[in-house]
Amino acid sequence: MPLDQQDVDTWKYDEAGKPVPEMEKEMSFVDHLEELRWHVMRALIAIVVAGVVLFLFNDFYFTYVLYGPLRQDFISYRIFCEISDFLGTGAALCFHPPQVLVQATEFGEQFITAVKMAFVGGFVLAFPYVFYEIWSFVRPGLYPAEQRATRWVIVICSFLFFIGVAFGFFVVAPFGTNFLMGFEVGGTVNQPKMASVIGYMVMFTLPAALIFELPVLIYFLAKFGLVTAEAMRQYRRHSIIGILILSAVLTPPDVVTQILIAVPLYTLYEISIFVAKRAQRQYEASLQ
C-alpha cells in the first residue's frame, strides 16, 4: 500500500537511520502551558466544589472538625485514657482540654474565616483528584519504565496524605491544644481569637500530612541517585535526635506523650530507608 507523503513527513529516524513514524507532533512550550492551565483549572474546580459543600455545612464543619479537639467529648481523649489504663501509666495520657471561649473581635471575621477554611478543607477533600491532575501533567514526560514503577503513586500519596491528616488531627492537635491552652503566665486568662485557633489547627494538621509524604519523596530522590539507603542509615542517630526535638515541641513536657509522637515519626523514617533501598536498586540497574 503506497504511503501518503504527509505520513512520510511525520516520520523520524532512529540512531541506525531507520524511519520511525510519529503521527503526533511534539508539543511546544505554549502547548505545555495550555495543557497545564487546564489541569490547574480542573483541580481548582474540584477544590471549589468541595469547598462549597463544606461552606453549606459550616456549622458542623466548625463544631466537630475545626473545633473538634477543643470539645470535651472528642474521641481522642477517650482513647488516650484507655491507652493509659492499658499501659498502666495512670493519668499520664488521660487528660481533657481546658474550657476555651473562642471570640471573633473583627468585623466580618466569622464569615471571612468560614469562606477561607471552606476552601482549605476543600483542598484536603479533593487532594486525590488534585494530585491526579498534577500527575497527569507530569507522567507523559517519564520513560515507560518509570511510568510502570509509579503507576500506584496517586493511591499511595493520597493514602499517606490522609493518614498524616488523621495523625495531626487526632494525635498532635489534642496534645498541642491541651499544652498551649493550659499554659499560663502571671495569671493571664487564655481567650484566643477565632483566627488564632483556626491557624493552630491547620498548623497541627497539614504539616503532618506533608511529613507523611516522606517515603514518596525519598523514593524519587533515591530513584535519581540523590539519596541512598546507606546515607540514611548513617544519619539515623541524627534523625532520632531531630524527631525527639520535634516531638518535644509539639507535645507537653511529658516523656510518655513525646514517645507517643516520636514512635510513628521514626517508623516513617525506617520505612523511607526501605523505600530508598528499593529505588536505589532500580537506579543502579538503569545505569548498566
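A residue counts as buried when its relative accessible area is under 20%, as exposed when that area is over 50%, and as partly exposed in between. By this scale S136, at 22% relative accessibility, is partly exposed in a model that is predicted. S136 belongs to helix α6, and its C-alpha atom is separated by 8.0 Å from that of H39, although the two residues are 97 residues apart along the chain.

A second link between helix α6 and an earlier part of the chain is given by a salt bridge, in which the side chains of R42 and E133 meet at 3.3 Å, N to O. Because R42 lies in helix α2 and E133 in helix α6 (residues 127-138), this pair ties together parts that are 91 residues apart in sequence. The two partners fall into separate classes of accessibility, since R42 is partly exposed with a relative accessible area of 33%, whereas E133 is buried with a relative accessible area of 3%.

The search of the whole structure finds 5 salt bridges, and two others can be described beside the one just given. In one of them, the side chains of R37 and E34 meet at a distance of 2.8 Å, N to O. Here the partners belong to a single helix, α2 (residues 29-56), and because they are 3 residues apart in that helix, about one helical turn separates them. Both residues of this pair are partly exposed, R37 with a relative accessible area of 42% and E34 with a relative accessible area of 37%. R37 has a further neighbour, for it lies over the face of W38, at 5.0 Å from the ring centre.

In the other, the side chains of E270 and R236 meet in a salt bridge, again described from N to O, at 2.8 Å. Since E270 lies in helix α13 (residues 255-287) and R236 in helix α12 (residues 236-250), the pair ties together parts that are 34 residues apart in sequence. E270 is partly exposed, with a relative accessible area of 25%, and R236, at 24% relative accessibility, also counts as partly exposed.

Aromatic side chains supply another set of contacts, and the structure holds 23 aromatic pairs. One of these is formed by F123 and F127, whose rings are 6.0 Å apart from centre to centre with 80° between the planes, an arrangement that is edge-to-face. F123 counts as partly exposed at 31% relative accessibility, while F127, at 10% relative accessibility, counts as buried. F127 also pairs with F131: the ring centres are 6.0 Å apart and the planes lie at 25°, so this pair is stacked. The cut-off behind that step is that planes under 30 degrees apart count as stacked. F127 and F131 are 4 residues apart in helix α6, and they are therefore separated by about one helical turn; both F127 and F131 are buried. Ring pairs extend these contacts into a cluster that links F123, F127, F131, W135, F161, F162, Y219 and F220.

The UniProt record, an unreviewed entry, carries the annotation "transmembrane region" for residues 43-67, 111-132, 152-177 and 197-222. Two of these segments can be compared with the predicted fold. Over residues 111-132 the chain is 95% helix and 0% strand, with the end C-alpha atoms 31 Å apart. Over residues 152-177 the chain is 96% helix and 0% strand, and there the end C-alpha atoms are 36 Å apart.

Helix α8 (residues 153-182) allows a simple check of length against geometry. At 1.5 Å a residue, its 30 residues should span 44 Å, and the end C-alpha atoms are 41 Å apart, which agrees. This helix bends by about 40° at V172, and a proline, P174, follows within four residues.

A further approach between distant parts of the sequence involves a loop residue. L70 lies in the loop between α3 (58-66) and α4 (75-87), and with a relative accessible area of 15% it is buried. L70 and N178 are 108 residues apart in sequence, yet their C-alpha atoms are 8.5 Å apart in space.

Definitions and conventions: Residues are numbered from 1 along each chain as its sequence is written. This is a predicted model: local features need pLDDT of at least 70, side-chain atom pairs count only at pLDDT 80 or more; totals for chains, interfaces and linings use all residues. Side-chain values use heavy atoms; hydrogens and water are left out. Helices (H or I, at least four residues) and strands (E, at least two) are DSSP runs, numbered from the N terminus. The expected span of a helix is 1.5 Å times one less than its number of residues. The bend at a residue is the angle between axes fitted to the seven residues ending there and the seven starting there. A salt bridge is a side-chain nitrogen of Lys or Arg within 4 Å of a carboxyl oxygen of Asp or Glu. Buried means under 20% relative accessible area, exposed over 50%, partly exposed in between (1.4 Å probe, protein chains only). Rings of Phe, Tyr and Trp (its six-membered ring) pair if their centres lie within 6.5 Å; planes under 30 degrees apart count as stacked, over 60 as edge-to-face and the rest as tilted. A charge sits over a ring if NZ of Lys or CZ of Arg is within 6 Å of the ring centre and within 35 degrees of the ring normal. UniProt positions are given in the numbering used here, feature names are shortened, and annotations may be inferred rather than shown by experiment.
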